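The exercises below are meant to be worked through with the sequence and the model side by side. Try each task before reading the solution that follows it.

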Amino acid sequence: MRTSIFLSLLFLALAPYVSRSSAATSSKWRGRAIYQLLTDRFALSNGSTTAPCPPGHQGFCGGTWRGIIRQLDYIQGMGFDAIWISPITKQIDDPSRAWHGYSQQDLYALNDNFGTARDLKDLATALHKRNMYLMVDIVVNHFGSSGFPTLTGGQGIYPFSSLDDFHNLCFVEDYTNQTNVERCWLGDVLYPLADVKTTSPSVRTTYNDWIQQLMFNYSIDGLRIDTVKHVETSFWPQFQHAVGAYAVGEVADGDVRYVCPYQEGLAGVLNYPMYYSLTKFFSNTSHHSADLIAQMKDLSTQCRDPSLMAAFSENHDQPRFANATSDMMLAMNVLAFTMLADGIPIVYSGQEQHLAGGNDPFNREAIWQKGYHKNTTLYTFIKKLNRVRKYAMASPKANYTTSVGNIVYNDDHTLALKKGPLVAVYSNWGLFAFPYKVSIPNTGFGAKTLVTEVLSCRNMTTARDGSVNTRVWRGLPMVFLPSAGLKGSGICGR
């Protein structure tokens, strides 16, 4: 018998009286930087850095919520103030389908491979003591199944056990047919994912009640929602209201006009259109900036609020950036753009160690085997970027987190963005680029003003029109700020 039933009823009775004044609203999330991790692959409870977990392993390797608590210094040391963890619900019995968390069976039970309810609550408490947020991944679209769910609940699916709670069995085969995408099942005959009939009023009520309870019970600050495009758009507004906090949806598509409408129902969406353009440009020195620029302009006009979209250059569903190129300068450029351009930035665990895994599951490495080193090039670089971003957010009248970056210079391989108080220069020439000169206009800096390139800590003086005349060295990104305001910031030793 589920011990949560009484608590569930009690919560629902008290729900109208529970204050949401402390909820992590979208406006509060704008200023956060998120570190994404796969719970099973990030940290062990005993702190081991040698426990086996072969590349591409399809099964549990032993990562836990207690292990995450042990490594919060590592995460916060980079400047992150939020983490995104794997789904926490109970999974199907097959470890090869369950370890990642996307084959749930019971909404009201936890995945005990990751720990106990006490462990999860302790994780939330440990984060909040550090002024960090907890984002939990959830799945609404489907449940793990070994076949078609039965009326008796023989599949173990809870709370949906009636045939009426699921769409008829068919598999998604045509991604140009939205009805097929929304009403058919993901997976295949061997590994089916039972597609929930989210158009059902009773299903919607169940989900809304469940998510309120989940957020309350475990002090969750925000959600990442899986497979959003497989659920009808009319489902999301009411669900977002029930969440009462920032929720960002996965709409895995590169078309701005397909992705942006989902932000009408959810606070944010993962910025997949930018991801595809961004990684294409920065992973190959032969690519030109035109596609990236066009994508940026489309996003600024088509999406309701680009500042609430989540920016990323790696995640657990895509090959690592370093799998496309080992060039460290390009990795630094794509990270700088991700962290400092529009939206809420997300860095995927292992990116700071320059991991190079390919397609799923080889991009889901055991992070403990890398030793949590804090002196790697990208670890220290991300730390610097987070410090610069926080400084920019605190600048008076900058509106950094709500403004849209303005392209002030571009050529085929170089892009300069003015956002808030800073001007950032990115290039895709890479490590072996010859030095070349650029003149960046419309910086907003005054004439003959001392500015600091804060990634290398070089000082220079602007021209009479406020432009920055500089060289791009070895393909390194550059970020310029007025020198006068850096005192006491900790940036470049100030």
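**Exercise 1. Find which residues I83 touches, leaving aside residues up to four places away in sequence, and then place I83 in its core.**

Solution. In this predicted model, begin at I83 and collect its partners that come before it in sequence, which are I34, Y35, L37, I68 and I75. Next collect the partners that follow it, namely L123, L127, M132, Y133, L134 and M135. Then widen the view to the core: the largest nonpolar core has 114 residues, and I83 stands with I85 and Y207 as those with the most contacts inside it. The largest share of this core, 10 residues, is supplied by helix α15, which runs over residues 328–340. Finally, a second and separate core of 18 residues has W29, A82, M135 and F312 among its members. As background, nonpolar side chains in soluble globular proteins tend to be buried together.

**Exercise 2. Decide whether the radius of gyration of the chain agrees or disagrees with that of a compact globule, and describe the chain as a whole.**

Solution. First take the expected value: for 494 residues, a compact globule would have a radius of gyration near 23 Å. The chain has 23 Å, and therefore the value agrees with the one for a compact globule. Second, consider the extent of the C-alpha trace, which spans about 75 × 50 × 45 Å along its principal axes. Third, turn to burial, where 59% of the 494 residues count as buried. Fourth, look at how the contacts are spread along the sequence: among those between residues at least 6 apart, 70% join residues at least 24 apart. To complete the description, list the secondary structure, which comes to 16 helices and 21 strands.

**Exercise 3. Determine which residues lie closest to the centre of the largest pocket, and sort its lining by class.**

Solution. Start with the space itself, since the largest pocket holds about 720 Å³. Its lining is made up of 23 residues, and those closest to the centre are Y102, L193, D317, D360 and R364. Two elements give two or more residues to this lining, and they are α6 (95–98) and β7 (186–187). Sorted by class, the lining has six nonpolar, nine polar and eight charged residues.

**Exercise 4. Establish how many cavities of 30 Å³ or more the model has, and set out the linings of the largest and the second largest.**

Solution. The count comes to two cavities of 30 Å³ or more. The largest cavity has a volume of about 40 Å³, and the residues lining it are S307, A341, D342, G343, R389, Y400, T401, S403 and K419. By class, that lining divides into two nonpolar, four polar and three charged residues.

Turning to the second largest cavity, its volume is also given as about 40 Å³, and it is lined by E314, F321, A322, A331, V334, L335, Q351, H354 and L378. The elements giving two or more residues to this lining are α14 (321–324) and α15, with α15 giving the most, three residues. Here the classes are six nonpolar, two polar and one charged.

**Exercise 5. Locate the prolines that follow cis peptide bonds at Y158 and D360.**

Solution. Take Y158 first: a cis peptide bond joins this residue to P159, with omega of about 10°. P159 belongs to the loop between β6 (142–144) and α8 (178–183). Then move to D360, whose peptide bond to P361 is cis with omega near 15°. P361 is placed in the loop between β13 (344–348) and α16 (377–394). D360 has already appeared in Exercise 3, as one of the residues closest to the centre of the largest pocket.

**Exercise 6. Classify N131 as buried, partly exposed or exposed, and do likewise for H354.**

Solution. Both residues have a positive phi near 60° without being glycine, as shown by N131 and by H354. N131 sits in the loop between α7 (117–129) and β5 (133–139). Its relative accessible area is 52%, and because exposed means over 50%, N131 counts as exposed. H354 is found in the loop between β13 and α16. At 22% relative accessibility H354 is partly exposed, because that class lies between under 20% and over 50%. H354 was also met in Exercise 4, in the lining of the second largest cavity.

Key: Residues are numbered from 1 along each chain as its sequence is written. This is a predicted model: local features need pLDDT of at least 70, side-chain atom pairs count only at pLDDT 80 or more; totals for chains, interfaces and linings use all residues. Side-chain values use heavy atoms; hydrogens and water are left out. A nonpolar core is a set of buried Ala, Val, Leu, Ile, Met, Phe, Trp, Tyr and Cys residues joined through side-chain atoms within 4.5 Å. Buried means under 20% relative accessible area, exposed over 50%, partly exposed in between (1.4 Å probe, protein chains only). Helices (H or I, at least four residues) and strands (E, at least two) are DSSP runs, numbered from the N terminus. Contact means heavy atoms within 4.5 Å. On a 1 Å grid over the protein atoms alone, a cavity is a set of points where a 1.4 Å probe fits but cannot get out, and a pocket is an open set with protein on both sides within 12 Å along at least five of seven lines; lining residues have an atom within 4 Å of a point. Grid points are joined across faces, edges and corners, and a volume is the space filled by probe spheres set on the points. Ala, Val, Leu, Ile, Met, Phe, Trp, Tyr, Cys and Pro count as nonpolar, Asp, Glu, Lys and Arg as charged, and the others, Gly among them, as polar. The radius of gyration is taken over C-alpha atoms; the globule rule is 2.2 Å times the number of residues to the power 0.38.
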